[in-house]
Amino acid sequence: MLPFSGAMGRRIALLSLLLGSAALGLGARAQEVRDGVFFKPSEQRPADLVVLREWGTIEGMHLIGVHGVKPDPGDATARSIVVWVESPTGVELAVDNLRCSASAPMRLTKRGNALLIKELNPGGQVTEANRMDHKIWWAACFPDQAGKDPATLQALARQLGYSGQLIEQQQVLPGNPR
């Protein structure tokens, strides 16, 4: 998917991934009702859900997980994954797109109407600010490492060809205000 070189090529490839994200209906909300009875969000979990974080509040339990990794047929380094955000009142689903290449690993996700482009550095420093991005990236790009703390995967990342020296940054593209 990266036929162009340099920053222009990255931006063109990025726009291709973005268009794919828009078509997948990001931010869908799921809550199941059968015969007038609401089911707990935990009862809706797919069989292949990998829990990345779970915590409790006064409202109840919250969880972030992923499932449904799919490779992009047009780009061997691209994947999509469903992000499952569970709260006591329901489940929010989002489809994130990830690039697994050693030269430009990234995560594309949405926050509200804004699209976030997160350039990652597998094998580099993992902090609380980037931990979830890395957990989702590892789950999509290397599913056998899903759920592991990415800070413990630095040596593996380097064995897989990731330098650990890339600059992490984030771009926010505002959504349509209409």
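In this predicted model, helix 2 (residues 131-141) is largely enclosed by the rest of the structure, because ten of its eleven residues are buried. The buried set runs from charged side chains to aromatic ones: it includes Arg131, Asp133 and Lys135, along with Trp137 and Trp138. Ala139, Ala140 and Cys141, also in helix 2, are buried as well.

Two of these helix residues, Arg131 and Asp133, lead to the salt bridges, of which the model has six. A good place to start is Asp96, which pairs with Arg107 at 2.6 Å between the closest N and O atoms. This pair links distant parts of the chain, with Asp96 in strand 7 (residues 90-99) and Arg107 in strand 8 (residues 106-111), eleven residues apart. Asp96 has a relative accessible area of 0% and is therefore buried, and Arg107, at 8%, counts as buried too.

Arg107 also forms a salt bridge with Asp133, where the closest N and O atoms are 2.5 Å apart. Because Arg107 lies in strand 8 and Asp133 in helix 2, this contact ties together parts that are 26 residues apart in sequence. Both Arg107 and Asp133 are buried.

Helix 2 takes part in another such contact through Arg131, whose side chain meets that of Asp149 in a salt bridge (2.5 Å, N to O). Here the partners are 18 residues apart, Asp149 being in the loop between helix 2 and helix 3 (154-159). Arg131 counts as buried at 19% relative accessibility, whereas Asp149, at 33%, counts as partly exposed. Finally, shared partners join Asp96, Arg107, Lys118 and Asp133 into one network of salt bridges.

Terms used: Residues numbered from 1 in each chain as written. Predicted model: local features only at pLDDT ≥ 70, side-chain atom pairs only at ≥ 80, totals over all residues. Heavy atoms only, no water. Buried < 20%, exposed > 50% of the residue type's maximum accessible area, 1.4 Å probe, protein only. Helix = DSSP H or I, 4+ residues; strand = E, 2+ residues; numbered from the N terminus. Salt bridge = Lys/Arg side-chain N within 4 Å of Asp/Glu carboxyl O.
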